[in-house]
Amino acid sequence: MTKSVRQLKKEEKTRQLYKEMSSFSINGAVIGLDEVGRGCVAGPLCIGAVVLPSSPQIVGLDDSKKISAKNRELLAKEIKTTAIAYSTVFVSNQVIDNEGMAFALRLAFSNALRACEKKLKEETGQCASVVLIDGNRLEIDNREINILQGDTKVACISAASIIAKVTRDAYMVDQSQNYPNYSFEKHKGYGTAQHLEAIKEFGICDLHRRSFLSKYIS
């Protein structure tokens, strides 16, 4: 069967993502990390950390925001069965409020890295040689390399983005049952018009980031 242009583009994108990852893996395993939920007004941060083998290659990896919810779910399952090691870690909205976003990010990335590297060592007996983080420098590890828009450039960072997104979205859907007035299952805690209208009507709940919503707190 002849492949579609769209499929061929996906496969080429995949090859580029893995090629970039392999450029960092000359001396050993590479852990890729990414966060989801930084810009939300409710719910936790979620950090994904992933170590991928060079093959098999997972076709369709990309920035999680560019992938449909259905395809993210499928890719997350494939990532978890293919990865040498992976972890997802939450940092709560209370920590964000009490300690600030900069602290919360460093804590979340540090915990995710530690959990993933523990699994990597259990599986291979080795530690990672490089730690690739999407975005700006955090200085959580002396092996850290930061790549702007890394989730569109490096396979393991893209994989981390996807499992973090799927994990956090599932958590917010579950929480919608506890807080039905806010429709968390729809917007996942982002500050959509619908969400902000619900806050105006019902006030804030325990899942909201109070430091992000000062104008709604009487």
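Biologist: In this predicted model, which residue of β2 is the bridge partner of G32?

Modeller: The model is predicted, and in it β1 and β2 pair in the antiparallel sense over five bridges. Within β2, the residue that serves as bridge partner of G32 is V50.

Biologist: On its other pairing, how many bridges join β2 to β3, and which residue of β3 stands opposite I47?

Modeller: Strand β2, residues 45-51, runs antiparallel to β3, and seven bridges join the two strands. Along this pairing V51 stands opposite A85, while the residue of β3 that stands opposite I47 is V89.

Biologist: What is the order of the strands in the sheet, and which strands lie at its edges?

Modeller: The sheet is open, has mixed pairing, and is built from five strands in the order β3-β2-β1-β4-β5. Neighbouring strands are turned by 20° against each other on average, with direction ignored. A strand at the edge pairs on one side only, and this applies to β3 (85-91) and β5 (144-147).

Biologist: Why is β2 described as largely enclosed by the rest of the structure, and which of its residues point the opposite way from C46, G48 and V50?

Modeller: Seven of the seven residues of β2 are buried, and β2 is therefore largely enclosed by the rest of the structure. In a regular strand the side chains alternate between the two faces of the sheet. In β2, C46, G48 and V50 point one way, and the residues that point the other way, likewise buried, are L45, I47, A49 and V51.

Biologist: Which strands does helix α4 touch, and what angle does its direction make with that of β3?

Modeller: Helix α4, residues 101-124, packs on the sheet and touches β1 (30-36), β2, β3 and β4 (130-134). Another helix, α5, lies across β1, β2, β3, β4 and β5 and runs at about 40° to β1. For α4, the angle between its direction and that of β3 is about 155°.

Biologist: Which element gives the largest share of the largest nonpolar core?

Modeller: This core holds 26 residues, of which V50, L52, L61, I79, L132 and I162 touch the most other members. The elements that give two or more residues to it are α1 (5-22), α2 (69-82), β4 and α5. The largest share amounts to eight residues, and the element that gives it is α5.

Biologist: What is L61 in contact with, leaving aside its neighbours within four places in sequence, and how many residues does the other core contain?

Modeller: With those neighbours left aside, L61 is in contact with K13, L17, Y18, L52, I79, A155, S158, A159 and I162. Apart from the largest core lies another, with V51, V91, A128 and I133 among its members, and its number of residues is 25.

Biologist: How many aromatic pairs does a search of the whole structure find, and what is the angle between the planes of Y179 and F184?

Modeller: The search of the whole structure finds four aromatic pairs. One of them joins Y179 and F184, whose ring centres are 6.3 Å apart; the pair is edge-to-face, and the angle between the planes is 80°.

Biologist: Is F184 buried or exposed?

Modeller: A residue counts as buried when its relative accessible area is under 20%. The relative accessible area of F184 is 0%, so F184 is buried.

Biologist: Where in the chain do the two members of the pair Y182 and F202 lie, and which larger cluster includes them?

Modeller: The rings of Y182 and F202 form an edge-to-face pair, 6.3 Å centre to centre with 70° between the planes. This pair links distant parts of the chain, 20 residues apart, with Y182 in the loop between α5 (155-178) and α6 (184-187) and F202 in helix α7 (residues 193-202). Y182 is buried at a relative accessible area of 6%, whereas F202 is partly exposed at 38%. The cluster that includes both is formed by Y179, Y182, F184 and F202.

Biologist: Which charged residue sits over the ring of Y86, and which over that of F212?

Modeller: Over the ring of Y86, 5.0 Å from its centre, sits the charged end of K119. Over the ring of F212, 5.2 Å from its centre, sits the charged end of R209.

Notes: Residues are numbered from 1 along each chain as its sequence is written. Side-chain values use heavy atoms; hydrogens and water are left out. Rings of Phe, Tyr and Trp (its six-membered ring) pair if their centres lie within 6.5 Å; planes under 30 degrees apart count as stacked, over 60 as edge-to-face and the rest as tilted. Buried means under 20% relative accessible area, exposed over 50%, partly exposed in between (1.4 Å probe, protein chains only). Helices (H or I, at least four residues) and strands (E, at least two) are DSSP runs, numbered from the N terminus. A charge sits over a ring if NZ of Lys or CZ of Arg is within 6 Å of the ring centre and within 35 degrees of the ring normal. Two strands pair if DSSP finds at least two bridges between them. Axes are lines fitted to C-alpha atoms, for helices over the stretch in contact, and angles run from 0 to 180 degrees between N-to-C directions. Contact means heavy atoms within 4.5 Å. A nonpolar core is a set of buried Ala, Val, Leu, Ile, Met, Phe, Trp, Tyr and Cys residues joined through side-chain atoms within 4.5 Å.
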